[in-house]
Amino acid sequence: IFVHPFEGPLTTLGTATVGLEFATQAPDLDAVIIPIGGGGLCAGMACAFKQMQPGCRVIGVEPVGADSMHRSFQAGTPQGIDKVRTIADSLGAPYALPYSFDMCRTFVDDLVLIDDSAMQRAMGLLFDAMKLAVEPAGAAATAALCGPLREELAGQRVGVIVCGANIDLATFAQQAVSSLPG
């Protein structure tokens, strides 16, 4: 059986299990920040969170150079982009598709855009503070929390999805180590 990487009920059911586990292990969150590529992870997690913790605000985050879900929300229909322009290649879906778009539109409260340099700084922060060597996509939610959402979510209980450790040492050093303090 073919399971699409970000579209359809099977993908959403699979990613909803991540949301179910997270919501069960971290009750009473004020917000959860979820990276968006094609929308499959965010669709399932957002659906689970809204059922388990209805008061939890679900915030999707996309790179500026791969903002197909933002464009889709604005247009009210799935949209594409002409070219992916981000270092977060696993968030670089060139288009949104109907099922994941509808699920995100139903369960995601807000969308935030972050740029590549914010993800690089977040990669450095995650490595320095937690010893996590993540790819840019894995740092997207942290970049949103440390950037555009910092003041808005200060003092709240916030869940942050850190997904994606598929990065080689040379690329990590080039993209993240230069952003480490000192």
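Is I1 buried or exposed? Select I1 and take a look: at 94% relative accessibility, I1 counts as exposed. (Buried means under 20% relative accessible area, exposed over 50%, and partly exposed in between, using a 1.4 Å probe and protein chains only.)

Before you click on, a word about what you have open. This is a predicted model, where local features need pLDDT of at least 70, side-chain atom pairs count only at pLDDT 80 or more, and totals for chains, interfaces and linings use all residues. Residues are numbered from 1 along each chain as its sequence is written, and side-chain values use heavy atoms, with hydrogens and water left out.

**Stop 1: the start of the chain**

I1 sits in the segment before helix 1 (9-25). (Helices, H or I with at least four residues, and strands, E with at least two, are DSSP runs numbered from the N terminus.) Now add V3, L10 and L13 to your selection: together with I1 they make a nonpolar surface patch with about 470 Å² of accessible area. (Patches are made of residues with over 30% relative accessible area and no salt bridge; like charges are joined within 9 Å, nonpolar side chains, meaning Val, Leu, Ile, Met, Phe, Trp and Tyr, within 5 Å. The areas come from the Shrake-Rupley method with a 1.4 Å probe, and for residues only the protein chains shown count as cover.)

**Stop 2: helix 1**

Select 9-25. The 17 residues of helix 1 should span 24 Å at 1.5 Å a residue, and its end C-alpha atoms are 24 Å apart, which agrees. (The expected span is 1.5 Å times one less than the number of residues.)

Which residues of helix 1 are buried? They are T11, T12, T15, A16, G19 and A23. Turn the view to look down the axis of helix 1: its buried residues fall within an arc of 125°, so they line one face of the helix. (The arc is that of the directions from the helix axis to the C-beta atoms.) Over on the other side of helix 1, you'll find L13, T24 and Q25 exposed. Show helix 2 (40-52) and helix 4 (98-107) too, since they are among what covers the buried residues of helix 1.

**Stop 3: helix 4**

Stay with helix 4 and pick out S100, F101, M103, C104 and F107, which are buried. They cover an arc of only 165° around the axis, which puts them on the same side of helix 4. What do they pack against? Their partners are helix 1, helix 2, strand 2 (57-63) and helix 3 (68-75).

While you're here, show the side chains of D102 and R105. They form a salt bridge, with the closest N and O atoms 3.2 Å apart. (A salt bridge is a side-chain nitrogen of Lys or Arg within 4 Å of a carboxyl oxygen of Asp or Glu.) Because D102 and R105 are three residues apart in helix 4, about one helical turn separates them. D102 is partly exposed at 35% relative accessibility, and R105 is partly exposed at 43%.

**Stop 4: more salt bridges**

How many salt bridges are there by this rule? The count comes to six. Select D110 and R57, whose side chains meet in one of them (2.7 Å, N to O). This pair links distant parts of the chain: D110 is in strand 3 (residues 110-114) and R57 in strand 2, 53 residues apart. Add E152, and you have a network of salt bridges linking R57, D110 and E152.

Next, go to D67 and R71, another salt-bridged pair (2.8 Å, N to O). D67 counts as buried at 12% relative accessibility, while R71 is partly exposed at 38%.

**Stop 5: two positive phi angles**

Most residues other than glycine have a negative phi. Select D28, in the loop between helix 1 and strand 1 (31-35): it isn't a glycine, yet its phi is positive, about 60°. Then jump to K131, in the loop between helix 5 (116-130) and helix 6 (140-146). K131 also has a positive phi, near 60°. D28 counts as exposed at 62% relative accessibility, and K131 counts as exposed at 58%.

**Last stop: helix 6**

Finish at T142 in helix 6, which counts as buried at 8% relative accessibility. Which residues touch T142, leaving aside its neighbours within four places in sequence? Light up A122, L125, L126, V160 and V162: T142 is in contact with them. (Contact means heavy atoms within 4.5 Å.)
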